[in-house]
Structure formats: C-alpha cells, structure tokens
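Me: Hi! I have a model open and would love some help reading it. Can we go through it together?
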Amino acid sequence: MTRVIVVSSDFSNLHIILPAADALRHGELVAFPTETVYGLGANALDSAAVAKIFIAKGRPATDPLIVHLNNAQQVSKIARLEDPLLAEQVQMLASNFWPGPLTLVLPKQPTIPSNVTAGRDTVGVRVPAHPIAQALLRYARVPVAAPSANRFSHPSPTQALHVYTDLGERIEWLIDGGPTFIGIESTVLDMTQSPPTVLRPGGVTIEALRQIIPSITYTPRVIQDDEAAAGPGMSLKHYAPKTPLYLIEGKDEEVIKLIKREIAQRVGQRIGILAPDSIASILDDPTLFILALGNTPESIAARLYTAIRDLDAAALDVIFALHIKGEGVLIAIRDRLFRAAEGKIITSH
Ligand code: TXA
Ligand code: MG
C-alpha cells in the first residue's frame, strides 16, 4: 500500500516526512515534489533500490537518472572534478543556479552504481530548491537518484495526483506538497562536452547560462525512436498524450485563421485547445475545450502538464496548441510541446 504524507502548504510541518526519509535510505521508493516536477526517488548508492525505479516507471534501462544532492559541497562525492577548469566552471554554475532547476552532467565517481547512469561514465547531478526535496535529502543523508515520477512517455507530474494516477500502488511513499512551482523539468547541461552543451532546455534559461559560460551551445534535435538513445530523453514520443496533438504556429492573426479552418473541417469532433490567454479569449467558442495557460512564460510552464493531462482525460478527438513560442523558458515549453505533438506542426507557410 502506498503511504501518502501531506505536507502543509506553508511547509511548517516538514518533520512529518521523516519516516519516508528513513525508508528512502533503506531502499524504498519515495515520490516527492521538487520545484520543477515530482521526482521518484531511491537511495542512489543502493543499486537494488535504483532498479525498482526503472520497473515502476516502465523506463528503459538505457536512460540515466539524475542524482539529487542536499548541497553543492557534496558534488565531489558523486562527480570527478580533478580538471581545474571543470571544477571552476561547476563552482560558478553552482553558486549562480543551485539550489535550482539545473542538472550538470559530469564525469562520475566509481562509487555510483552503474544502473543510476545507465552504464555511462558520466552522471547527472542537481541540488533542488524545493523545501520538501531539501528536507528529504537532509533527513535521508544519502544522494537520491530520481527521474520524474510519471510512467515512461507520459507528461511529467506537477501534482501528487498525477503521480498517483501514473504509479499508484507501484510506489511505497508519496509526499504530497501541492503543485510544483516551475512546472517543467530542469535544464540538463553536459559539462563533459567542449563547449558545454544543453541536452534538454528547462527551468534555467540558456541566456542565463551563457551569462556565466558564453560558449554554451544548444542545438534542438530529435532522434527517431528506433535510433540508439544518443541523447537520452530526446525521443520524440517522450511527452506524448494519447490524443493526437498539433502545434499551430505563426503570427497571432495567422494562428486564429488556421485554427478556425481546422475547426471548420472537424464538425462534430471534440476539440481541445491549449493557448495563452490572449489567443484563448479571441476564440470564445463554447463547443471547444479551451485551457488558457496565462500570458507569461512562467504561468504557461506552471500549467502546461496539468493542462495536457486534463485535455487527454476528456476523451477528445484532437488537441491544438496555439502560438506558444518565444525566448527564455518558452524555448523549453516549445520543446515539450513539439515532443507532445510528435513533431506535427501546422503553419501558414
Ligand atoms: O527537473 C528535473 O530534472 C526532474 C526532477 C525530479 O529533478 N527530473 C527529471 O528526470 O526530469 P528525468 O529522468 O525524467 O529526466 C532526466 C534527463 C533525461 O533526459 C536523462 O536522459 C538525462 O536527464 N540525463 C541524466 N543523466 C544523464 C547523463 N549522465 N548523460 C546524459 N543525460 C543524462
Ligand atoms: Mg522524465
């Protein structure tokens, strides 16, 4: 049976997670909120516990996990930082972005079990900022390997209910800390490549990273599902809902014209719409299932996965995501939507 611990919304009763932290240290799986999405945690030094993560998620053993630490000083226990330039860059990134939504891929220490890193000689490391994640890591006194707490290829969970829906009785503990703050996953930055390369855009923007290391590169790219997982987490289907989803992109007027044309061709169908408030308010059609995501990149990120899950549960024929593109966090949001759409885009040119 899954034990659920509900933390109060002001996080004033964090001590109630102590039994979960003890169980985590002793090999049980604990789902917990981070500032990005909920994670499914296991003691990163216990390969049998880590193996249970892959089974619970239905995740391929080729996809490595992120190791979560309580503070940046512990990084050298997990990662090898003998290279002075690497040590200096990690120190600068850590002091600017940790705790926070940045994962660094670094050369691994031999003490990390090979199933954590899917047999690679690198390890992803991050210090999360959420008070519950921090308390859990502090009480557990071990590094915690944690992927997002969803079934493989489902959208990441941003509420405890999403975790329960996906993983239900497959996990021993679920800490309910309410909705997560950011709503999309951490930025994954590979420090073992030269120049350092963003593998997954996320909560820390590429612009912000380049303020610290100007040479950082990012090339949006997608591998086919039958290719070897060169960049794990890059597969097109990664965030796909069951309902077919299309991106509609262009200038505001074009997007409105295109969606009206789509609607006209789909008489009698149940149509879902994901859009910023500015576009959603223009559509104003009572037969559509419209989820307005707000107008700032932050509100769109925070609502995105819940909106995709809600629309996917509404037995729709199709979902259209309208005009959600731009700089900063919008780069990460567009990346997730592109994957949710499995690459299907409608534009006027
Ligand atoms: O915000 C987040 O990052 C959340 C919270 C729970 O921390 N975690 C998360 O984990 O999204 P996951 O496993 O769903 O995604 C981690 C991504 C995957 O695409 C994985 O392949 C990549 O990071 N990754 C982890 N270790 C890696 C490594 N050594 N080399 C390359 N990519 C790595
Ligand atoms: Mg994931």
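Me: What do the buried residues of α5 pack against?
Reply: Happy to help! The buried residues of α5 pack against α1, β2 (30-33), β4 (66-68), β7 (144-145) and β8 (173-176). Helices here are DSSP runs of H or I with at least four residues, and strands are runs of E with at least two, numbered from the N terminus.

Me: Before we go on, what kind of model is this, and how are residues numbered?
Reply: This is a predicted model, where local features need pLDDT of at least 70 and side-chain atom pairs count only at pLDDT 80 or more, while totals for chains, interfaces and linings use all residues. Residues are numbered from 1 along each chain as its sequence is written, chains are lettered from A and ligands numbered from 1 in the order in which they are written, and side-chain values use heavy atoms, with hydrogens and water left out.

Me: Which residues in α5 are buried?
Reply: I132, A133, A135, L136, L137 and A140 are buried in α5. Buried means under 20% relative accessible area, exposed is over 50%, and partly exposed is in between (1.4 Å probe, protein chains only).

Me: And what does R141 do just after α5?
Reply: R141 takes a positive phi of about 60° there.

Me: How do α1 and α5 pack, angle-wise?
Reply: Helix α1 (residues 18-25) and helix α5 (residues 131-140) pack at an angle of about 55°, with their axes 8 Å apart. The two are therefore oblique to each other; angles under 35 degrees count as roughly parallel, over 145 as roughly antiparallel, 65 to 115 as roughly perpendicular and the rest as oblique.

Me: Which residues meet there?
Reply: From α1 you have L18, A20, A21, L24 and R25, and they meet L136, Y139 and A140 in α5. Contact means heavy atoms within 4.5 Å.

Me: New topic: where is E35, and is it buried or exposed?
Reply: E35 is in the loop between β2 and β3 (38-43). With 3% relative accessibility, E35 counts as buried.

Me: What does the side chain of E35 make a polar contact with?
Reply: The side chain of R126, at 2.8 Å. A polar contact is a pair of N or O atoms within 3.5 Å; within protein, one must be able to donate a hydrogen and the other to accept it, and residues adjacent in sequence count only if both atoms are side-chain atoms. Also, the backbone nitrogen of H130 lies 3.4 Å from a polar atom of the E35 side chain.

How values were computed:
Axes fitted to C-alpha atoms, helices over the stretch in contact; angles between N-to-C directions.
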